[in-house]
Amino acid sequence: MRRQISVMLFIVWLVGAIFVGNVFSETLVIGANVPLTGPAAQFGLGKMRALEMRIEEYNAKGGLNIKGVNYKMKLVAYDHKTQPGEAASVAKKLIYDDKTKFILAGAVGACCRAAETATIPNNVMFVFSCAGKELLGPDKPLNFRDSMSSEEQCYALMAIVKKANPHIKTIAVLSSNDTTGWDSCKGLIRAAEKFGIKCVAEEYFERDVTDFHPVLARILAKKPDLLDNAGTPLATGCIVFKQAYEMGYRGVKSWLGCGMPQGLVNMAGPEASEGTYLGSSWDYNDPKFNMRELTEKLKVYKARYGDEWDYTGISTYASAKIIFDSMIKAQSLDPHVIAQTMVETQPHQTFLGPYIFGNEGYYGIKRAGMHPAVMGQIQKGKMVNAGFAIHPDLAKLIGENWKFPQ
Amino acid sequence: MEDLSPIIMTCIINGLITAMLYMLVAVGASLVFGILDIVNFAHGEFYMFGGFIAYVLFGQLHLNYFLTIGIAFLVVGTFGFFIEKFIFARFRRMLLQSFIVCMGLIWIFRESMRFIFGIWDKNVPVAFKGIIEIGKISFSVERLVITIVGLVLIVVLYLFIDKTNQGRAMRAIAQNPEAAALQGVDISYISSLAFGIGCGLAAIAGVLIAPLLYVSTGMGATMIITVFNIIILGGLGSVSGCLLGSLIMGFVNSFGGTFFPQAVVNLIIYMSIFILLVIRPRGLLGHA
Amino acid sequence: MRKQNLPGMIPIGLIPVIFLLPVILPNYWLHVFALIFIKIILCLSMRQMMLTGLLNLSISAFMGIGAYFSALMTTTLGFSFWYIILLSGIVCSLIGFLLSFPLLKIKGVYFFLGSICFSVGIVVLFSNFFVKTFGGMPGFAPIAIVKLKLMGLDVKFTSNLSHYYLTGIVALLSVIVMKRLEFSRYGLYWKAISQADRLIETVGVNLFKYKTFNFVISCFFCGISGSLYAHIMGIITPNDFALEFQFILTTILVVGGFESFWGPVLGVFFLSIIGEILRGFGQYELIGYGFILLFTMIFMPKGIAGMVEKIYSPK
């Protein structure tokens with residue numbers, strides 16, 4: 001008798017779980033294919049938390065209402081351990097097991113290339129922050145980049161640096177030996193040339209090198225006016241500047257891909273970091289170059305997670321909102337339709353300012369995220385905003401004279 | 001042709017400093033191999049512990065730098081002693097099994113530190129400020145002090161192995177464990193002691209390097225490959241071989257890295273080690 | 001003697017299971033199994049070298065050579081996969097043959113270290129040299145899809161199901177070949193070499209010939225697994241074949257038990273499935289792995305196969 005009752009209760013529960021749940025709300029799985037361990041873990045965690053916060057916000061408002069059905073979103077994040085093989089497996093798991101059509105966080109060039117071997121044939125939207133020309137293109141219309149890569153930023157950085165230091169005639173670039181590094185260096189060299197700055201050294205080093213005296217000795221012998229760390233990861237780049245300073249370099253410094261300015265001051269020391277121009281990071285508290293919403297949100301992040309938020313995490317937070325809003329606007333969960341809507345309804349108002357997907361000229365399709373690029377500079381151990389620049393594609397939509405609201 | 005002498009001087013000084021740091025980490029691994037006959041891949045992780053101790057005691061709590069070095073040696077050394085006693089002891093002379101144990105320990109150590117300290121690399125403030133400029137060459141006072149400390153420690157180690165009873169016992173075991181046992185040497189205790197000392201020295205190296213670079217959970221991984229190159233070069237189990245190997249490696253990296261792309265230098269190093277293993281496996285100064 | 005027979009009889013029953021498994025496996029797990037089959041070939045070839053008493057850590061390096069060779073031949077030069085997979089094996093065998101002259105002269109721990117050197121060197125080679133051909137650190141992608149045009153069939157091997165069967169069949173054939181080798185005259189000599197090499201030479205057996213043959217066959221299987229890996233992943237990077245992967249293979253070997261032939265197979269299944277389960281634990285995955293290794297070593301030094309044998313052996 002007892003067994004029959006338990007069996008019936010089980011069946012009732014099963015039926016309820018399958019049907020009742022679905023009538024009033026469905027689940028939309030949002031995937032994240034990020035490094036949570038390994039050398040690139042700092043990028044992965046920020047992005048995963050960005051998605052976590054966004055999804056909570058939308059779920060609190062009742063989820064996404066699409067064609068009469070309420071979709072609650074669920075974040076499924078896996079760690080690809082900075083290994084491309086794992087990234088490919090994780091992408092397949094997200095697509096086949098967790099059945100998602102949206103992988104909205106990705107990092108590390110080789111891992112994204114591995115993941116797209118699964119996302120492209122399955123028409124899955126894939127949003128990531130790694131640099132690289134081959135990651136975006138008309139043959140992969142569902143690939144989006146949410147943070148501004150070197151290609152979009154180096155022009156702005158060179159413009160601001162040259163304006164403040166007109167004497168600069170030569171530049172030396174060095175970076176880690178990966179897609180971000182290659183792209184950053186080549187982009188910087190191209191941008192520098194437009195300002196009459198010649199490249200005298202272009203060096204790449206393996207990810208785990210910590211002694212830069214040999215390569216710096218080689219670079220400094222060429223006497224560059226400007227030394228740029230291009231796409232080097234945070235800790236390594238700090239060591240580069242620290243050792244360059246110890247070796248007597250007193251020229252101008254810039255770092256296109258520095259994600260955490262406070263880290264730079266801490267690790268390289270105030271003297272070594274003084275005067276460095278930074279792309280990809282700026283003083284988030286200066287009202288002259290920021291949306292107030294960004295400053296507020298950073299405080300919330302710090303309070304909740306106890307960590308500083310880096311640029312790639314911030315850009316994921318902005319792009320997720322654009323995607324979810326586009327789903328609602330388009331009233332569809334078809335990635336292609338949403339992608340179309342995202343591009344057609346720009347510019348989007350985000351806490352980074354007006355945000356668009358553009359740079360069709362370089363990639364052949366409008367998929368590179370762009371917003372007003374603020375360049376920072378370390379002055380007296382603190383980050384100060386040196387200025388900002390607007391990419392031509394963005395200027396077309398918001399006007400050349402756009403300024404941050406005071 | 002540009003004036004090469006400042007570059008060459010920089011290479012020499014840099015090579016010496018790098019060699020000193022390598023030596024401190026490598027000597028522990030060499031000792032362990034000589035006495036316990038196992039290849040300890042987890043050795044780099046004790047170096048990493050030293051770095052984190054520096055971060056906590058010197059960076060956060062502002063203890064005296066030399067005191068931190070001492071504490072790191074004692075804490076990590078003792079920890080190493082017990083790890084050997086309770087875990088590695090079962091696998092003495094079993095190459096494959098001890099290798100697997102090392103793998104397991106590496107993952108456990110690294111991930112635990114990541115949980116405790118978070119994912120961001122940690123900064124440790126400079127212990128000795130200032131930059132010395134001699135002509136066209138400049139380097140920091142910090143590096144100089146570290147080199148001196150390293151040299152002192154190596155001399156101390158030499159004296160220990162040469163003069164003390166425990167040191168002699170270690171040499172005896174390295175030469176012939178059975179004979180040593182017959183002479184009354186407590187193999188178990190001496191093995192654990194050797195392991196502990198090796199780990200302690202690696203920890204000191206970690207403390208020394210922390211202000212120069214940064215502290216991260218991955219620092220062991222990058223160090224261990226160089227360390228193994230050095231002990232193969234010098235001879236597994238030989239401390240003077242370790243010194244020679246460190247100097248060679250320090251200078252090769254320093255000169256080679258400046259005048260050739262690092263990748264070429266690395267490839268040449270690996271090929272040379274390979275050839276060395278074929279023609280003279282016991283290394284430059286190792287015993288057969 | 002009896003102990004060998006029970007594990008020996010299992011394979012025939014397994015063959016239909018392997019063919020029918022996809023019916024119940026979810027799609028993603030077909031991909032997991034494809035990787036399992038590849039790892040089985042690699043671990044068995046590593047174990048084969050251990051029969052002669054050599055701990056060879058260059059298995060992943062040879063896999064890498066096979067993978068890059070295969071990717072280049074099919075993608076850049078357009079040859080058909082079906083010839084290239086065999087050719088990858090042969091190329092790796094040749095390289096292994098050349099390498100055997102210096103490498104097999106070293107003994108014990110020095111061979112171990114030498115194979116590590118070779119492994120690391122190969123990764124440096126593929127990361128930094130001939131970057132235009134091999135793709136450098138970011139890797140080589142995309143890799144051509146395997147196509148089969150046969151008797152009116154036109155199949156593209158893009159789905160997880162196709163990967164499963166491709167790797168499964170190659171793995172099955174490899175297992176059969178390696179098992180027969182082990183229980184043949186060659187296997188006898190190999191096992192004898194690990195016991196007492198000087199003694200055998202006095203009986204007039206040319207040691208070196210058999211050691212070399214062992215090494216060359218090992219490399220062949222590494223080469224074909226590399227080729228399989230390249231074509232089911234679609235992208236290969238130098239780090240896929242670095243020491244980390246080699247450590248995983250070694251771990252599998254030890255946890256599974258390297259004394260019996262089926263140990264590595266059990267090890268691959270056990271650790272791969274544990275790995276997938278731990279994936280849900282995000283940040284705790286690697287630490288879980290570490291503890292599993294430690295406990296296995298302390299409580300099951302002969303691995304899983306050892307435990308199985310203990311259960312089945314007469315008390």
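**Note on the predicted model: two sites in chain A and the contacts of chain C**

1. In this predicted model, Thr295(A), leaving aside neighbours within four places in sequence, is in contact with Tyr284(A), Asn285(A) and Asn290(A). The residue belongs to helix α11 of chain A, which runs over residues 292-305. With a relative accessible area of 11%, Thr295(A) counts as buried, because the cut-off for that class is under 20%.

2. A second site in chain A is Gly132(A), which is placed in the loop between β5 (125-128) and β6 (143-145). Gly132(A) is buried, and its relative accessible area is 0%. Not counting residues up to four places away in sequence, Gly132(A) touches Arg145(A), Asp183(A) and Tyr363(A). The C-alpha atoms of Gly132(A) and Gly109(A) lie 7.2 Å apart in space, while the two residues are 23 residues apart in sequence.

3. As for chain C taken alone, its secondary structure comes to 14 helices and 2 strands. Its radius of gyration is 20 Å, close to the 20 Å given by the globule rule for 315 residues, so chain C is as compact as a globular protein of that length. The C-alpha trace of chain C spans about 50 × 45 × 45 Å along its principal axes. Of the 315 residues of chain C, 59% count as buried, and among the contacts in chain C with a separation of 6 or more, 79% are accounted for by residues 24 or more positions apart.

4. Where chain C meets chain B, 39 residues of chain C are in contact with 36 residues of chain B. The area buried between these two chains is about 3500 Å², and carbon and sulfur atoms give 88% of that area. Between chain C and chain B the count is 0 salt bridges, and the count of residue pairs in polar contact, with both residues at pLDDT 80 or more, is also 0.

5. On the side of chain C that touches chain B, at least two residues are supplied by each of α4 (81-103), α5 (108-128), α11 (243-256) and α13 (285-299) of chain C. The element that gives the most to this side is α5(C), with 13 residues. By class, the side of chain C that touches chain B has 32 nonpolar and 7 polar residues, and no charged residues.

6. The contact between chain A and chain C takes 25 residues from chain A and 30 residues from chain C. The area buried between chain A and chain C is about 2200 Å², of which 57% comes from carbon and sulfur atoms. On the chain A side, Lys92(A), Tyr96(A) and Arg113(A) lose the most area to chain C, and together they make up 22% of what that side buries.

7. Between chain A and chain C the count is 0 salt bridges, whereas 6 residue pairs are in polar contact, with both residues at pLDDT 80 or more. Two or more residues of the side of chain A that touches chain C are given by each of β3 (69-79), α3 (84-97), α4 (109-119) and α6 (179-194) of chain A. The largest share of that side comes from α3(A), with 10 residues. The residues of the side of chain A that touches chain C divide by class into 9 nonpolar, 6 polar and 10 charged.

Methods:
Residues numbered from 1 in each chain as written. Chains lettered and ligands numbered in written order. Predicted model: local features only at pLDDT ≥ 70, side-chain atom pairs only at ≥ 80, totals over all residues. Heavy atoms only, no water. Contact = heavy atoms within 4.5 Å. Buried area = accessible area lost by both parts, 1.4 Å probe. Salt bridge = Lys/Arg side-chain N within 4 Å of Asp/Glu carboxyl O. Polar contact = N/O pair within 3.5 Å; in protein donor to acceptor, adjacent residues only side chain to side chain. Helix = DSSP H or I, 4+ residues; strand = E, 2+ residues; numbered from the N terminus. Nonpolar A, V, L, I, M, F, W, Y, C, P; charged D, E, K, R; others polar. Buried < 20%, exposed > 50% of the residue type's maximum accessible area, 1.4 Å probe, protein only. Rg over C-alpha atoms; globule rule 2.2 N^0.38 Å.
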